[in-house]
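Biologist: I'm new to reading protein models. Could you walk me through this one, feature by feature?

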Amino acid sequence: MPPKPTTLIFLGFLLLLLLTLCHAHPDCPKTSPLVNLESEFKMLQHQLRGSIRILDDCSFKVSNFDMLSGSDVHWWGAVAPDFNNLTAGFVVSDQKLNQTYKSASFTVRLRDNVTWDQIQVLAVWDLPTSSDFGHIVLRDVVNRSSDLAPSPSPASDSGNVSSQAHTEPTMLVNCKSLSDSFRIRWTLRPEENVIDIGLEAATGSTKYMAFGWATPKATKQFMLGADVAVAGFDEEGMPFVNDFYITKYSECTQYKDGSVKGVCPDTIYQGSAPNGLVNNTKLVYGHRRDAVSFIRYQRPLESADQKYDVVVNHTEKMVAIWALGPIRPPDTLQPYYLPQNHGGPQDVAYGYLQLNVSEHVDDCYGPIDAQDKEDQHLIIADAKAPLVVTSGQAVHYPDPPNPSKVLYINKKEAPVLRVERGVPVTFSIQAGHDVALYITSDPLGGNATLRNTSETIYAGGPESQGVQASPKELVWAPDRNTPDLVYYQSLYDQKMGYKVQVVDGGLPDMYNNSVILDDQQVTLFWTLAHDSISIAVRGEKKSGFLAIGFGRGMVNSYAYVGWIDNIGKGRVNTYWIDGKDASSVHPTYENLTYVRCRSENGIITFEFTRPLKPSCGKSDKPECKNIIDPTTPLKVIWAMGATWSDDHLSDQNMHFVTSSRPIRVLLMRGSAEAEQDLQPVLAVHGFMMFLAWAILLPGGVLAARYLKHVKGDGWYRIHVYLQYSGLAIVLLALLFAVAELRGFFFGSLHVKFGTTAIFLVCMQPVNAYLRPKTPNNGVQVSSKRLMWEYLHVIGGRSAIVVGFGALFTGLRHLGDRYGGENVGGLNWALIVWFLICAVIVIYLEYCERQRRRDRSVGRSNWVLGNVEEDDSVDLLSPNGIHSEKESRTSGRMEVQLEPLNG
């Protein structure tokens, strides 16, 4: 018997009421502007994923929530996502999260005394270790525009059931489990010809993850001809992904005939392309959390590279292949990360499956839980993230016997701590007042002096103690003299801590300056002190020894050679070289301190500290002349070879590659420049300055001095045009030099001359603008006008003289910088030019004096009228000049008609 309509209405009402009660509290209003806000968690730890939706003023709904269990985990509120504000936050809900969550959905109610106005950051927080598993910054969600992340394809086009735009890179629409430890996540966007893929696996940090599609023609041996993306992490922990094409079941190998076979990147087949047509995988995001690797990338469904890329037909099932395995880092022969044989068994290390990417799939239930969480036992310090130090019960202490209470760092029991020299490490000490943290050379700790044993303390002490409510901050900056192995321990109890590995990954942070030497094969680092210099040299390719030299070439240079001897010990020796064969390499005995040398995968790095001026007294040894003046550029060369020896050098110890030219290292400025190469911009600067100071500006002066007898105001126009043209060229040439040298430095004589000349020539237009009015005919010249004339003439001529000096000192500076052989001819050419100009000036001056003498004789019988050349005419107004000259001339003509009677 069918149910009555009234019964159906009643059941529907009850269902609606239950849904309402489940999703919101009946007494809770919806006044907050955050109501109906949706966002996703940022994953930080414990494989936390999920999204929230704020229902009303006192509750929110969590969906698809994944998280590995913690010890005492709560919903946490803070005003900002930084460390201090997060640790100063507060619990926002009575609900605890002390379990593993797998695709869970539930509603969370805020505490009665908590409102959304107090919460800017909603986090999943572990109280004992002050650990943030993941969070949402609410104000960022409010301000985020809708186009920051790509939206998944509509269900009508792709078959995806979700239409929510995912904002976190760890969140994608679909998820498929390839094995117990490997998953693929993806979001399809066919309208953009793009598919976003996320590879996620519980694997080692030195392992690769590979996923791709077999060629549609393959019926077996699906990997041959397959187009796959290989993703992983490099030695520095940075993610990478590359496009590979498989032609053979072997590692990528390049043969003598140039052919390439194996599992090889597309770029090795046909080179790289800036438009991404070859390597068409685009890295979006990557991280390692809890020994689980996650890398997200994009690739086109249909690529322009038809030869090495497989077209992904998103509407049909295709054979997809995947693999996990070890990866080999780049070397001098292969500059790529190359996957090695994945091994077996099938469906664990590799596998195949039929996949239609347009069909919605989500069979990933819960987070991946790595069995061997290798990252749990290794903490890599980051300068931006404090290390939270607590104490707790010893469970898996790595070096028994041990006390019942040991140190924890970021919730990990007595891990190995890895720090980099030159990178400051911040400890937030919350281990209790009975635990004082310190960094020591003693492996037992507990104050070695109580055992009558010596130790070196690098940081910390009795004051380095604190609790969770009042943590103590300790900052330690390991330097180049810190040993490779030290220990973090408690000052009061033995063996509460463990090892600290001090590595050399931070040479740029250890030294104040660095430059890449010639051919970009060697990097030089240095730090200047009051009377010493610390130097580090790192090769960029494999070699048996690495050497640098101070000098213009190998001959007559002071050399420093670093190598690893037969027993594996790093060595650094000094030499004086006065020839080109092995017998010309003479050992010296410089006072080097803090000497270190190491080889990593064939790459040699060595360091040393030496005095700027050797303390040799009156000795005439070669090393006594090896003085480093920080104010003078240091010429540096380099060389690499296969083998080196402490004695009995032979031609076998000669280098196989060397720098092609010296590099001038500017120690005080922290930069370098090539030796003997004139920079084009500086050449243009010199030519423009020659054009201005040797032609245009002197030409303007000569026009004002010797062309006034020409009818009209032509002399004035020539004077003004040449002067302003010269001034414009001077200023433009100055800008070129400042831009090329990245600054304006007054250290050289050339710059001092040039600055003075430019100042004087720039004052001439200002001086002309402020000139007093020209007196009328027959009126005595005022003292102001006379003073102005002197300043204008003397200032202009002084600018020319100083400009000449700037040209000569510029050539001298060029010779000091790039070698005299490049500028000797220019010096002679400039001298000849000025001699020619001097002859021309002498001739013009002679003609001018002769002309004045002739006019003086012709006027000897006339008594009125100023017939001397008037140098006080208006220099800026040609109309005024012309009218005044006509007035004076007409006046003189009237007087000349009436000669005086004797």
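Modeller: Sure. Keep in mind that this is a predicted model. Let's start with a single residue: leaving aside neighbours within four places in sequence, Ala80 is in contact with Asn85, Leu86, Val121 and Arg139.

Biologist: Where does Ala80 sit along the chain?

Modeller: Ala80 is in a loop, the one between strand 5 (73-78) and helix 2 (83-87).

Biologist: And is Ala80 buried or exposed?

Modeller: The general idea is a cut-off: under 20% relative accessible area means buried. Ala80 has 13%, so Ala80 is buried. Look also at Val137: Ala80 and Val137 are 57 residues apart in sequence, yet their C-alpha atoms are 7.7 Å apart in space.

Biologist: Can you show me another loop residue to practise on?

Modeller: Try Ala431, in the loop between strand 29 (425-429) and strand 30 (437-440). Its relative accessible area is 5%, so Ala431 is buried.

Biologist: Which residues does Ala431 touch, once its neighbours within four places in sequence are left aside?

Modeller: Ala431 is in contact with Val389, Thr390, Ser391, Leu407 and Gly466. Take Ser391 from that list: Ala431 and Ser391 are 40 residues apart in sequence, but 4.7 Å apart in space, C-alpha to C-alpha.

Biologist: How do I go from single residues to the whole chain?

Modeller: Use totals. The protein chain has 902 residues, and 46% of them count as buried. You'll find twelve helices and 47 strands in it.

Biologist: What share of the contacts with a separation of 6 or more comes from residues 24 or more positions apart?

Modeller: That share is 62%. As for the outside, the protein chain exposes about 45600 Å², and carbon and sulfur atoms supply 56% of that area.

Biologist: Next topic: salt bridges. What's the general idea?

Modeller: Side chains of opposite charge can pair when their charged atoms come close. In this model there are 21 salt bridges. One of them joins the side chains of Glu38 and Arg53, at 3.6 Å from N to O. Glu38 lies in strand 1 (residues 38-40) and Arg53 in strand 3 (residues 49-56), so this pair ties together parts 15 residues apart in sequence.

Biologist: How accessible are Glu38 and Arg53?

Modeller: Glu38 has 43% relative accessibility, so it counts as partly exposed. Arg53 is partly exposed too, because its value is 32%.

Biologist: What about a salt bridge between buried residues?

Modeller: Look at Asp227 and Arg299, whose closest N and O atoms are 2.9 Å apart. Asp227 lies in strand 14 and Arg299 in strand 20 (residues 292-300), so the pair ties together parts that are 72 residues apart in sequence. Asp227 counts as buried because its relative accessibility is 1%. Arg299 is buried as well, at 5%.

Biologist: Which residues link up in a network of salt bridges?

Modeller: Arg421, Arg480, Asp484, Arg596, Arg598 and Glu607 do. Within that network, Arg596 forms a salt bridge with Glu607, with closest N and O atoms 2.8 Å apart. Arg596 is in strand 42 (residues 593-600) and Glu607 in strand 43 (residues 603-611), eleven residues apart. Both Arg596 and Glu607 are buried.

Biologist: Let's move to the surface. Which residues gather in a patch of negative charge?

Modeller: Glu235, Glu236, Glu420 and Asp509 form that surface patch. Zoom in on Glu235, in the loop between strand 14 (227-233) and strand 15 (239-246). Remember strand 14? Asp227 lies in that strand.

Biologist: Why does Glu235 count as exposed?

Modeller: The cut-off for exposed is over 50%. Glu235 counts as exposed because its relative accessibility is 56%.

Biologist: Which residues make the nonpolar surface patch?

Modeller: Val681, Val684, Leu732, Leu735 and Phe736 make it, with an area of about 390 Å². Two elements give two or more residues each: helix 7 (680-706) and helix 8 (714-741). Helix 8 supplies the largest share, three residues.

Biologist: Where is Val684, and how accessible is it?

Modeller: Val684 lies in helix 7. Its relative accessible area is 37%, so Val684 is partly exposed.

Terms used. Residues are numbered from 1 along each chain as its sequence is written. This is a predicted model: local features need pLDDT of at least 70, side-chain atom pairs count only at pLDDT 80 or more; totals for chains, interfaces and linings use all residues. Side-chain values use heavy atoms; hydrogens and water are left out. Patches are made of residues with over 30% relative accessible area and no salt bridge: like charges are joined within 9 Å, nonpolar side chains (Val, Leu, Ile, Met, Phe, Trp, Tyr) within 5 Å. Accessible areas come from the Shrake-Rupley method with a 1.4 Å probe; for residues, only the protein chains shown count as cover. A salt bridge is a side-chain nitrogen of Lys or Arg within 4 Å of a carboxyl oxygen of Asp or Glu. Lys and Arg count as positive and Asp and Glu as negative; His and the chain ends are not counted. The place of a charge is taken as NZ of Lys, CZ of Arg, CG of Asp or CD of Glu. Helices (H or I, at least four residues) and strands (E, at least two) are DSSP runs, numbered from the N terminus. Buried means under 20% relative accessible area, exposed over 50%, partly exposed in between (1.4 Å probe, protein chains only). Contact means heavy atoms within 4.5 Å.
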